Amino acid sequence: MSHKILVVDDSPTERTLMSLPLQQAGYYIVTAVDGDDALDKIVKENPDLVVLDVVMPKKNGYQVCREIRTRLGKEKLPIILLTTKSEASDKFWGMKQGANEYITKPFKGDELVAIVKRLL
């Protein structure tokens, strides 16, 4: 059985760019379009890992990350923040919210797959 990965981004193009290399590597992909949708899918789908954009409507990725760790009680669920926010302070804040990795866009698909394999 392949691992289930939740890919969260409000842009359909970015969701595809994030999902495709993971699908090609054999992972089962579930997608969400915003922070609220992501939290619902985490409860319903119970993914093995989350790839999460930061800049999104409703709840941003930092808020979602924090809720995964606190409200949902998923302290061990691997979270990769994948975002255009590239300042050192952005990465610091993302890691402080509970992310396991922080990748900036544009990214390489093989880099994402390698990080996912390492975290799983």
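The following dialogue takes a new reader through selected features of a predicted model.

Reader: Where should one begin with the interior, and which residues of the largest nonpolar core touch the most other members?

Author: The general idea is that in soluble globular proteins nonpolar side chains tend to be buried together. In this predicted model, the largest nonpolar core has 20 residues, and L6, V8, V50, L52, I68 and L81 touch the most other members.

Reader: Which elements give two or more residues to this core?

Author: They are the strands β1 (4-8), β2 (28-32), β3 (49-52) and β4 (79-83), together with the helices α2 (35-45) and α3 (61-69). Of these, α3 gives the most, with four residues.

Reader: What is I68 in contact with, once its neighbours within four places in sequence are left aside?

Author: I68 is in contact with L39, I42, G73, K74, L77 and I79. There is also a second, separate core of 16 residues, which includes V7, V51, I80 and V113.

Reader: V8 was named in the largest core. Is V8 buried or exposed?

Author: V8, found in strand β1, counts as buried because its relative accessibility is 0%. Leaving aside neighbours within four places in sequence, V8 is in contact with M18, A32, D34, A38, V50, V51, L52, D53 and M56. One may also relate V8 to L81: these two are 73 residues apart along the chain, and their C-alpha atoms are separated by 9.6 Å.

Reader: How does one read a helix that has buried residues, and which residues of α5 are buried?

Author: The general idea is that an α-helix has 3.6 residues a turn, so residues three or four places apart point the same way. In helix α5 (residues 109-119), the buried residues are L112, V113, I115 and V116. These buried residues lie on the same side of α5 because they cover an arc of only 165° around the axis.

Reader: What do the buried residues of α5 pack against, and which exposed residues does the face turned away from them carry?

Author: The buried residues pack against β1, α1 (12-24), β3, β4 and β5 (101-104). The face turned away from the buried side carries the exposed residues D110, K117 and R118.

Reader: In which sense do β4 and β5 pair, and over how many bridges?

Author: The two strands pair in the parallel sense, over four bridges. Within this arrangement, L81 stands opposite Y102 in β5. Helix α4 (residues 88-96) joins the picture as well, since β4, α4 and β5 make a right-handed β-α-β unit.

Reader: How should one treat a polar residue such as S19, and is S19 buried or exposed?

Author: One asks where the residue lies, how accessible it is, and what its side chain reaches. S19 lies in helix α1. With a relative accessible area of 7%, S19 is buried, and its side chain reaches the backbone oxygen of R15 at 2.7 Å. Leaving aside neighbours within four places in sequence, S19 is in contact with V7, I29 and T31.

Reader: The same reading might be applied to D53. Where does D53 lie, and what does its side chain make a polar contact with?

Author: D53 lies in the loop between β3 and α3. D53 is buried, at a relative accessible area of 5%, and its side chain makes a polar contact with the side chain of K105 (3.5 Å). Leaving aside neighbours within four places in sequence, the residues in contact with D53 are V8, D9, D10, G61, L82, T83 and K105.

Reader: What should one look for in the backbone itself, and which residues does a cis peptide bond join?

Author: The general idea is that most residues other than glycine have a negative phi, and most peptide bonds are trans. Here a cis peptide bond joins K105 and P106, with omega about -5°. P106 lies in the loop between β5 and α5.

Reader: What is the phi of N46, and what is that of K58?

Author: N46, in the loop between α2 and β3, has a phi near 50°, a positive value in a residue other than glycine. K58, in the loop between β3 and α3, has a positive phi of about 70° and is not a glycine.

Reader: How accessible are N46 and K58?

Author: N46 counts as partly exposed, at 47% relative accessibility, whereas K58 is exposed, with a relative accessible area of 63%. The cut-off that separates these two readings is 50%, since exposed means over that value.

Terms used
Residues are numbered from 1 along each chain as its sequence is written. This is a predicted model: local features need pLDDT of at least 70, side-chain atom pairs count only at pLDDT 80 or more; totals for chains, interfaces and linings use all residues. Side-chain values use heavy atoms; hydrogens and water are left out. A nonpolar core is a set of buried Ala, Val, Leu, Ile, Met, Phe, Trp, Tyr and Cys residues joined through side-chain atoms within 4.5 Å. Buried means under 20% relative accessible area, exposed over 50%, partly exposed in between (1.4 Å probe, protein chains only). Contact means heavy atoms within 4.5 Å. The arc is that of the directions from the helix axis to the C-beta atoms. A polar contact is a pair of N or O atoms within 3.5 Å; within protein, one must be able to donate a hydrogen and the other to accept it, and residues adjacent in sequence count only if both atoms are side-chain atoms. Two strands pair if DSSP finds at least two bridges between them. A crossover is right-handed if, with the strands pointing away from the viewer, the path from the first strand over the helix to the second runs clockwise.
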